[in-house]
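Me: Please take one part of this model and examine it closely, in a single connected account. I should like the local geometry described first and then placed in the context of the whole chain.

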Amino acid sequence: MADKDQPDDLERRRADLEKALAYRRPAKQDGGEGKTKGDMAGAAQALRLSSEFIAGVGVGAALGWFIDHFAGTSPWGLIIFLLLGFGAGVLNVLRSAGLVAEFGIRSSDDARDPEKK
C-alpha cells in the first residue's frame with residue numbers, strides 16, 4: 001500500500017518544487033531579440049567601464065605631464081599622477097559597477113543592520 005502512495009507524493013512534491021522555482025526564476029524575454037539586447041547591454045556597460053578607467057589614467061597622466069613641464073620635475077610628476085590616475089580609474093570602475101558606494105552614502109547593507117549604526 002505504501003508503494004501506491006509514494007508516486008502520488010513524489011508527483012505532488014515535484015509540482016510544488018516546479019512552482020517554487022518558477023516563482024524565483026526571472027521572467028524570460030520572448031522572441032530571439034532578447035539575447036541580442038542582453039549582449040548589447042553587456043557591451044555597452046563594458047565600453048562605459050573601460051572608458052571610465054581610461055579617462056582616469058589619461059587625466060592623471062596629463063596632469064603629471066603639465067606639472068613636469070611647468071615645474072621642471074620630470075619624470076616624477078608624470079609617474080606620481082599616472083599612479084594616482086590609475087587608482088582613480090579603478091575606483092571609478094568599481095563605483096560604476098556598483099561594488100563601492102559613493103562617498104558619504106551608506107550602503108544598503110549598513111542601513112539595514114542596526115548594530116552598525
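Reply: The span 73-94 has its end C-alpha atoms 32 Å apart and is 86% helix and 0% strand; helices here are DSSP runs of H or I with at least four residues, strands are runs of E with at least two, and both are numbered from the N terminus. This is a predicted model, in which local features need pLDDT of at least 70 and side-chain atom pairs count only at pLDDT 80 or more, while totals for chains, interfaces and linings use all residues. Residues are numbered from 1 along each chain as its sequence is written, and side-chain values use heavy atoms, with hydrogens and water left out.

The span is one of two that an unreviewed UniProt entry annotates as "transmembrane region", the other being residues 46-67; such positions are given in the numbering used here, with feature names shortened, and the annotations may be inferred rather than shown by experiment. In residues 46-67 the end C-alpha atoms also lie 32 Å apart, and that span is 100% helix and 0% strand.

Close to the start of the span 73-94, a cis peptide bond with omega of about -5° joins Ser74 and Pro75. Pro75 belongs to the loop between H2 and helix H3 (76-97).

On the H2 side of this loop there is an aromatic group. The structure holds three aromatic pairs (rings of Phe, Tyr and Trp, the last by its six-membered ring, with centres within 6.5 Å; planes under 30 degrees apart are stacked, over 60 edge-to-face, and the rest tilted). The pair of Trp65 and Phe66 is edge-to-face, because the ring centres are 5.2 Å apart and the planes stand at 70°. The pair of Phe66 and Phe70 is stacked, because its planes meet at 10°, with the centres 6.5 Å apart. Phe66 and Phe70 are four residues apart in helix H2 (residues 33-71), about one turn of the helix. Together, Trp65, Phe66 and Phe70 make up one aromatic cluster.

Within this cluster, Trp65 is partly exposed at 45% relative accessibility and Phe66 is partly exposed at 43%, whereas Phe70 is exposed at 66%. Buried means under 20% relative accessible area and exposed over 50%, with partly exposed in between (1.4 Å probe, protein chains only).

Towards the other end of H3, Phe86, Val90, Leu91, Leu94, Leu99 and Val100 form a nonpolar surface patch with about 480 Å² of accessible area together. Patch members have over 30% relative accessible area and no salt bridge; like charges are joined within 9 Å, and nonpolar side chains (Val, Leu, Ile, Met, Phe, Trp, Tyr) within 5 Å. A salt bridge is a side-chain nitrogen of Lys or Arg within 4 Å of a carboxyl oxygen of Asp or Glu. Areas come from the Shrake-Rupley method with a 1.4 Å probe, and for residues only the protein chains shown count as cover. Leu99 is exposed, with a relative accessible area of 66%, and lies in the loop between H3 and helix H4 (108-112).

As for the whole chain, the protein chain has four helices and zero strands, in the order α-α-α-α along the sequence. Of its 117 residues, 8% count as buried. The accessible surface of the protein chain is about 9,900 Å², and 63% of that belongs to carbon and sulfur atoms.
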